[in-house]
Every structure is written in C-alpha cells, then in structure tokens.
Amino acid sequence: MESLNLVKEIVKVLDEKKAENVKIIKISELTVIADYFIIASGTSSTHVRSLSEEVEETISKIGAEPRNIEGRATGWILLDYSDVVVHIFTPEDREYYSLERLWSDAAIMDISEVLTD
C-alpha cells in the first residue's frame, strides 16, 4: 500500500476514535527512516491503548501489518508501518517529548484534506 494512502486510512481511524490534535508530518525529505510521522494524543493511557489497538486492527484488515510496536505499557505507543510511523501519546508525554518541535523542519500536512478524501 502506498504510504500516503496508509496515512489517510490511519488518520481516519484516529479521527473516528476521537484522537486529539492529530498531526501528519512529512519527513521523507529529511530522513530515510520513514516518509511520514502521524502524531496523535489520547485523553488517558486507556484511550492511547484503545487508539493503537484500533489502528492496528483496522489497518490489518486492509492488508498492512506493523513491523514493530513499542510502548504498549506506557504513555507513548509507536506503531511502525515502515514508511509511516504512528506515535500516540498521553497529553503529558506528548508535551514532554515534543516530536513536533524536534521535526520542526518537516512539512506538516493539513489533516482536513486527508479526511475529506
């Protein structure tokens, strides 16, 4: 599956499950580790786990499996789909790690364009 299509599917799942402050960061021009980061917040550690499980289950149904999943017992869960890496945080952990600041040179995509497709 093309990475932008995967981004769209993941963002739709996160939006449907009430993830907060979803950001798509296009990092392909800055690094070879991935094409996109998707960053989202859950309202609690339970919501964060629920969001990650829903992404994994829904995306699996369309044929994409994560290469790796990290942090299931923490406030930051990472789902690595090779070209797309999903970071789901509690609000506190998101503020602490501040990935948006670390990747501030990257382009941030408008999620409204993704959700209207």
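These legends accompany close-up views of a predicted model.

**View 1. Helix α1 spans residues 3–16.**
The helix has 14 residues. From first C-alpha to last it reaches 20 Å, close to the 20 Å expected at 1.5 Å a residue. Its buried residues are Ser 3, Leu 6, Val 7, Lys 8, Ile 10, Val 11, Val 13 and Leu 14. An α-helix has 3.6 residues a turn, so residues three or four places apart point the same way. The buried residues of α1 pack against three strands, β1 (20–26), β2 (36–41) and β5 (84–89), and against two helices, α2 (45–61) and α5 (111–116).

**View 2. Helices α1 and α2 pack against each other at about 135°.**
Two packed helices are described by the angle between their axes and the distance between the axes. Here the axes of α1 and α2 lie 9 Å apart. An angle between 115 and 145 degrees counts as oblique, so α1 and α2 are oblique to each other. The crossing of α1 past α2 is right-handed. On the α1 side, the contact involves Leu 6, Glu 9, Ile 10, Val 13 and Leu 14. On the α2 side, it involves Leu 51, Glu 54, Val 55, Thr 58 and Ile 59.

**View 3. Ile 59 sits in helix α2.**
Because its relative accessibility is 1%, Ile 59 counts as buried. Beyond its neighbours within four places in sequence, Ile 59 is in contact with Leu 6, Glu 9, Ile 10, Ala 64 and Tyr 81. Ile 59 and Tyr 81 are 22 residues apart along the chain. Their C-alpha atoms are separated by 9.9 Å.

**View 4. The largest nonpolar core has 25 residues.**
Ile 10, Leu 14, Ile 38, Tyr 81, Val 84 and Val 86 have the most contacts inside this core. Two or more residues each come from α1, β1, β2, α2, β4 (76–80) and β5. The largest share, 6 residues, comes from α1. Apart from this core lies another, of 9 residues, with Ile 25, Ile 39, Leu 99 and Ala 106 among them. In soluble globular proteins, nonpolar side chains tend to be buried together.

**View 5. Val 86 touches residues that include Ile 10 and Ile 38.**
Residues up to four places away in sequence are not counted here. The other contacts of Val 86 are Ile 77, Leu 78, Leu 79 and Tyr 81. Val 86 is also among the residues with the most contacts inside the largest nonpolar core.

**View 6. Val 85 lies in strand β5.**
Val 85 counts as buried because its relative accessibility is 8%, below the 20% cut-off. With residues up to four places away in sequence left out, Val 85 touches Ala 34, Tyr 36, Phe 37, Ile 38, Leu 78, Leu 79 and Asp 80. Ser 52 is 33 residues from Val 85 in sequence. In space the two are 12 Å apart, C-alpha to C-alpha.

**View 7. Lys 18 and Ser 82 have positive phi values.**
Most residues other than glycine have a negative phi. Lys 18 follows α1 and lies in the loop between α1 and β1. Its phi is near 65°. Lys 18 counts as exposed because its relative accessibility is 61%, over the 50% cut-off. Ser 82 is found in the loop between β4 and β5. Phi of Ser 82 is near 70°. With a relative accessible area of 26%, Ser 82 is partly exposed.

Methods: Residues numbered from 1 in each chain as written. Predicted model: local features only at pLDDT ≥ 70, side-chain atom pairs only at ≥ 80, totals over all residues. Heavy atoms only, no water. Helix = DSSP H or I, 4+ residues; strand = E, 2+ residues; numbered from the N terminus. Expected span 1.5 Å × (residues − 1). Buried < 20%, exposed > 50% of the residue type's maximum accessible area, 1.4 Å probe, protein only. Contact = heavy atoms within 4.5 Å. Core = buried A, V, L, I, M, F, W, Y, C linked by side-chain atoms within 4.5 Å. Axes fitted to C-alpha atoms, helices over the stretch in contact; angles between N-to-C directions. Parallel < 35°, antiparallel > 145°, perpendicular 65-115°, else oblique. Left-handed = near helix turned anticlockwise from the far one by under 90°.
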